[in-house]
Amino acid sequence: MKISPWLEGVAGYSWADATVDGRSVTAAAVTEDFFDVVGVRASTGRVFGRGDAAGCRDCVVLSGATDRALGHPVAVELNGSLRRVIGVLPDRFWFLSRGIAVWSLPAEGHAESRVGAVVRLERDVSAKAAASEMQAILEEAGVPAWSGIVEVSPVQDRVRSVFGSYAVALGLAVIITLVGLRSRLLPEAGGIRGAVFFGVKTLLALVAVLLAGLGFTRAPSITMIGGTDWLTEPLWTWLFLVASMGVLSWSIHDQRRRCRVCLRRLGLAAHVGCPGCLLLDWAGTEMVCMEGHGMLHVPEMAASWHEAEHWTALDDSWQELFARRVR
């Protein structure tokens, strides 16, 4: 039975620290229609359904990781009470926290201090309209307006909020890298073709960093009380910032060490100058395009009165030195 024409389904949940077979975990207690509202089915067995609040009080559902860690048990001990395992959730499923190991039904007569509700809205119903509707329902039930403030937070928006943090980190990485290097790509480095090559190379590297951040971390997770994890998201956002700076620095450095004509990596690096003139180091390094297009001089110490790197194009008289042998 619907409590409002705007709400397709409503379910409650709570969470607390618990022990499962002697292991400290996070456990969630949910109403029997919770999994139906969030739209998930068990990968093994079944989840809670209508009638379980009366006939399956001792039942629990395990996460996939917990089920494997405990050796696929048929029963577990939750906070000292033996519970029957009726199902295992898919590995891809998580709700507000990936750390929830076991799901059970609420205990009768026990009031939880940390609770929440999840609703499934009818199509084309906004979060603002749903919040107003739920506020009205609370007022009709006799809950004072000042003690029953409702805020509707779409789960998908919460999960995707990490991309905003990553975007800010990427912007900072670009600024810090450009200011730190205090240089720009040479405009003659391949022209439009070189710019496209640099852009694609940098983009692919940044995408790889982003996928690694999303795949190997818990950055998209949000806490049971709403909002992002105060420890997880800042930590991984900072790591993404550092990784992005590394990618940008490498990409710029790699581009500047490529031929201005064919964009191949320069080779035949040779030290030039006297090793005792500049703080016991060489005056610079010269690299040559293996196709004979030119030579790049990279000084060991950058000076303000000339370019940090100097490209010298080679004319046709040098081609014999780079001619390929034909067998």
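Analyst: A residue counts as buried when its relative accessible area is under 20%, and as exposed when the figure is over 50%. The model here is predicted.

User: Where is Gly294, and is it buried or exposed?

Analyst: Gly294 is in strand 11, which covers residues 294–299. Its relative accessibility is 0%, so Gly294 counts as buried.

User: What does Gly294 touch, leaving out residues up to four places away in sequence?

Analyst: With those left out, Gly294 touches Met287, Val288, Cys289, Trp311, Thr312, Ala313 and Leu314. For one of these, Trp311, the separation can be given in two ways: 17 residues in sequence, and 7.0 Å in space from C-alpha to C-alpha.

User: How much of the protein chain counts as buried?

Analyst: Of its 327 residues, 35% count as buried. The chain exposes about 20000 Å², and 59% of that area comes from carbon and sulfur atoms. Its secondary structure consists of eight helices and 12 strands.

User: What share of the contacts with a separation of 6 or more joins residues 24 or more positions apart?

Analyst: In the protein chain, that share is 62%.

User: How is a pair of aromatic rings described?

Analyst: Two quantities are used: the distance of the centres and the angle of the planes. A search of the whole structure gives eight aromatic pairs. One of them joins Phe93 and Trp103, with 6.1 Å centre to centre and 45° between the planes, and this pair is tilted. The label follows because planes under 30 degrees apart count as stacked, those over 60 as edge-to-face and the rest as tilted.

User: Which parts of the chain does the pair of Phe93 and Trp103 tie together?

Analyst: Phe93 lies in the loop between strand 6 (81–88) and strand 7 (100–104), while Trp103 lies in strand 7, so the pair ties together parts that are 10 residues apart in sequence. Phe93 has 19% relative accessibility and counts as buried. Trp103, at 3%, also counts as buried. Both residues belong to one aromatic cluster, whose other members are Tyr13, Trp15, Phe34, Phe35 and Phe48.

User: Which residue lies over the face of Trp250?

Analyst: Lys201 does, at 5.6 Å from the ring centre. Lys201 also appears among the contacts of Ser251: leaving out residues up to four places away in sequence, Ser251 touches Phe198, Lys201 and Thr202. Ser251 sits in helix 7, residues 232–256, and counts as buried at 0% relative accessibility.

User: Which residues make a nonpolar patch on the surface?

Analyst: Ile192, Val196, Val200 and Leu204 make a nonpolar surface patch of about 420 Å². Of these residues, Ile192 has its place in helix 6, which covers residues 191–215. With 73% relative accessibility, Ile192 counts as exposed.

User: Turning to the backbone, what is the phi of Asn79, and where does this residue lie?

Analyst: The phi of Asn79 is near 55°, a positive value in a residue other than glycine. Asn79 lies in the loop between strand 5 (75–78) and strand 6. Its relative accessible area is 51%, so Asn79 is exposed.

User: What is the phi of Leu263, and is this residue buried or exposed?

Analyst: Leu263 has a positive phi of about 65°, although Leu263 is not a glycine. This residue is found in the loop between helix 7 and strand 9 (267–272). At 7% relative accessibility, Leu263 counts as buried.

Notes. Residues are numbered from 1 along each chain as its sequence is written. This is a predicted model: local features need pLDDT of at least 70, side-chain atom pairs count only at pLDDT 80 or more; totals for chains, interfaces and linings use all residues. Side-chain values use heavy atoms; hydrogens and water are left out. Rings of Phe, Tyr and Trp (its six-membered ring) pair if their centres lie within 6.5 Å; planes under 30 degrees apart count as stacked, over 60 as edge-to-face and the rest as tilted. Helices (H or I, at least four residues) and strands (E, at least two) are DSSP runs, numbered from the N terminus. Buried means under 20% relative accessible area, exposed over 50%, partly exposed in between (1.4 Å probe, protein chains only). A charge sits over a ring if NZ of Lys or CZ of Arg is within 6 Å of the ring centre and within 35 degrees of the ring normal. Contact means heavy atoms within 4.5 Å. Accessible areas come from the Shrake-Rupley method with a 1.4 Å probe; for residues, only the protein chains shown count as cover. Patches are made of residues with over 30% relative accessible area and no salt bridge: like charges are joined within 9 Å, nonpolar side chains (Val, Leu, Ile, Met, Phe, Trp, Tyr) within 5 Å. A salt bridge is a side-chain nitrogen of Lys or Arg within 4 Å of a carboxyl oxygen of Asp or Glu.
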